[in-house]
Amino acid sequence: MTITEAPEAPPVVVRKTATRKRLVPYWLLLPGILWLLVFFALPMVYQASTSVQTGTLEKGFQVTWHFATYWEAFTEYWPQFVRSLLYAGTATFLCLLLGYPLAYLIAFKAGRWRNLLLVLVIAPFFTSFLIRTLAWKTILADGGALVGTLDALYVLDVTNWLGWTQGDRVLATPMAVVCGLTYNFLPFMILPLYTSLERIDPRLHEAARDLYASPATTFRKVTFPLSMPGVVSGTLLTFIPASGDYVNAELLGSTDTKMVGNVIQSQFLRVLDYPTAAALSFILMAIVLIMVTVYIRRAGTEDLV
């Protein structure tokens with residue numbers, strides 16, 4: 001009895017099969033590429049063309065390549081740019097200061113309570129961003145418990161000296177805006193930190209203790225360096241949206257605490273000066289992009305991917 005071998009597939013069929021296999025990843029990427037093209041690339045091109053237009057709403061806007069709009073917008077609203085970066089940077093630092101201990105607790109000490117704590121971290125997302133911010137108007141109201149506690153602890157004396165509060169009033173001050181930004185974006189800091197800390201092998205801590213390293217030394221030499229990808233990811237996820245936010249400044253601040261996001265919103269929806277609004281958006285995006293690039297290179301965290 002002889003065993004017959006299966007006939008080999010023709011070379012043309014083999015080539016077609018190999019081509020299909022090579023194209024599978026691109027077909028899988030196609031929905032995402034189309035989404036980015038329609039909802040990111042095309043709007044960016046449209047806004048870029050809007051920023052170099054001139055005209056009025058009554059007569060219409062035309063592309064005249066008026067790049068001077070960028071310089072005029074920056075020179076007129078540079079205080080709002082500085083204020084946005086200052087508020088966003090302060091809120092990011094506070095989020096890191098508050099979020100790192102909580103992320104460390106969840107990753108290493110929570111035990112069976114870990115899932116519950118993670119749910120509590122993301123629980124604010126179950127409520128509208130607007131409602132959460134409006135709640136801070138009650139929390140920071142004049143004569144409230146929090147303001148009274150800060151006054152009793154002489155914290156308001158320090159913030160008054162820094163110019164972040166006015167007398168016994170916290171609402172409608174820079175401190176109120178920063179508090180709102182910190183609260184609203186704190187989960188964006190905690191979750192990346194937890195993910196990075198949770199991946200650290202506990203045996204590394206045991207090895208550090210075996211080498212007679214103190215807890216502070218273990219944290220400084222082992223834990224914090226290994227958690228840097230989470231630190232960088234968390235600071236980026238916090239700083240970038242906070243720098244363009246306008247809801248917190250609108251609801252918790254005053255005319256002296258307006259950020260560049262408030263100016264862009266006003267130019268688009270109230271003044272109806274679309275070229276200036278588009279130019280301000282691109283200037284903010286360029287500033288943030290430069291700062292993020294420098295920050296990532298200085299942090300030296302190629303492990304983000």
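The largest pocket of this predicted model has a volume of about 320 Å³. Its lining consists of 14 residues, and those nearest the centre of the pocket are L94, M175, V178, C179 and T182. Three helices, α2, α6 and α7, each supply at least two residues of this lining. By class, the lining of the largest pocket is made up of 11 nonpolar and three polar residues, with no charged residues.

Helices α2 and α7 appear again in the largest nonpolar core, where they are among the elements that give two or more residues; the others are α3 (114-122), α10 (228-243), α12 and α13 (274-299). This core has 29 residues, and the members that touch the most other members are F81, A103, L193, Y194, L197 and L280. Helix α2 gives the most to the core, with eight residues.

L193 shows some of the contacts made here. Leaving aside residues up to four places away in sequence, L193 touches L96, G99, Y100, A103, G230 and V231. Another core, of 22 residues, lies apart from the largest one, and its members include A88, L150, L171 and M259.

I190 gives a second view of the surroundings of α7, the helix in which it is placed. With a relative accessible area of 3%, I190 falls under the 20% limit and is therefore buried. Beyond residues up to four places away in sequence, I190 touches G99, L102, A103 and V121. Two of these contacts, G99 and A103, are also listed for L193. Although I190 and G234 are 44 residues apart along the chain, their C-alpha atoms are separated by 7.1 Å.

The charged side chains remain to be described. Side chains of opposite charge can pair when their charged atoms come close. The structure holds four salt bridges. In one of them D142 pairs with R169, and the closest N and O atoms are 2.4 Å apart. This pair links distant parts of the chain, 27 residues apart: D142 is in the loop between α4 (129-139) and α5 (145-152), while R169 is in the loop between α6 (155-162) and α7 (174-198). Both partners are partly exposed, D142 with a relative accessible area of 45% and R169 with 33%.

E250 takes part in two further salt bridges. One is with K258, where the closest N and O atoms are 3.2 Å apart. The other is with R270, at 3.9 Å from N to O, a distance that still counts because the limit for a salt bridge is 4 Å. E250 lies in helix α11 (residues 247-252) and R270 in helix α12 (residues 260-271), so this pair ties together parts that are 20 residues apart in sequence. Through shared partners, E250, K258 and R270 are joined by salt bridges into one network. Within this network, E250 is partly exposed at 33% relative accessibility, whereas R270 is exposed, with a relative accessible area of 55%.

Helix α12 thus holds R270 of the network and also gives two or more residues to the largest nonpolar core. Helix α7 likewise belongs to more than one of these settings, as it supplies at least two residues of the lining of the largest pocket and is among the elements that give two or more residues to the largest nonpolar core.

Conventions: Residues numbered from 1 in each chain as written. Predicted model: local features only at pLDDT ≥ 70, side-chain atom pairs only at ≥ 80, totals over all residues. Heavy atoms only, no water. Salt bridge = Lys/Arg side-chain N within 4 Å of Asp/Glu carboxyl O. Helix = DSSP H or I, 4+ residues; strand = E, 2+ residues; numbered from the N terminus. Buried < 20%, exposed > 50% of the residue type's maximum accessible area, 1.4 Å probe, protein only. Core = buried A, V, L, I, M, F, W, Y, C linked by side-chain atoms within 4.5 Å. Contact = heavy atoms within 4.5 Å. 1 Å grid on protein atoms, 1.4 Å probe; cavity = no way out; pocket = protein on both sides within 12 Å on 5 of 7 lines; lining within 4 Å. Points joined across faces, edges and corners; volume = space filled by probe spheres on them. Nonpolar A, V, L, I, M, F, W, Y, C, P; charged D, E, K, R; others polar.
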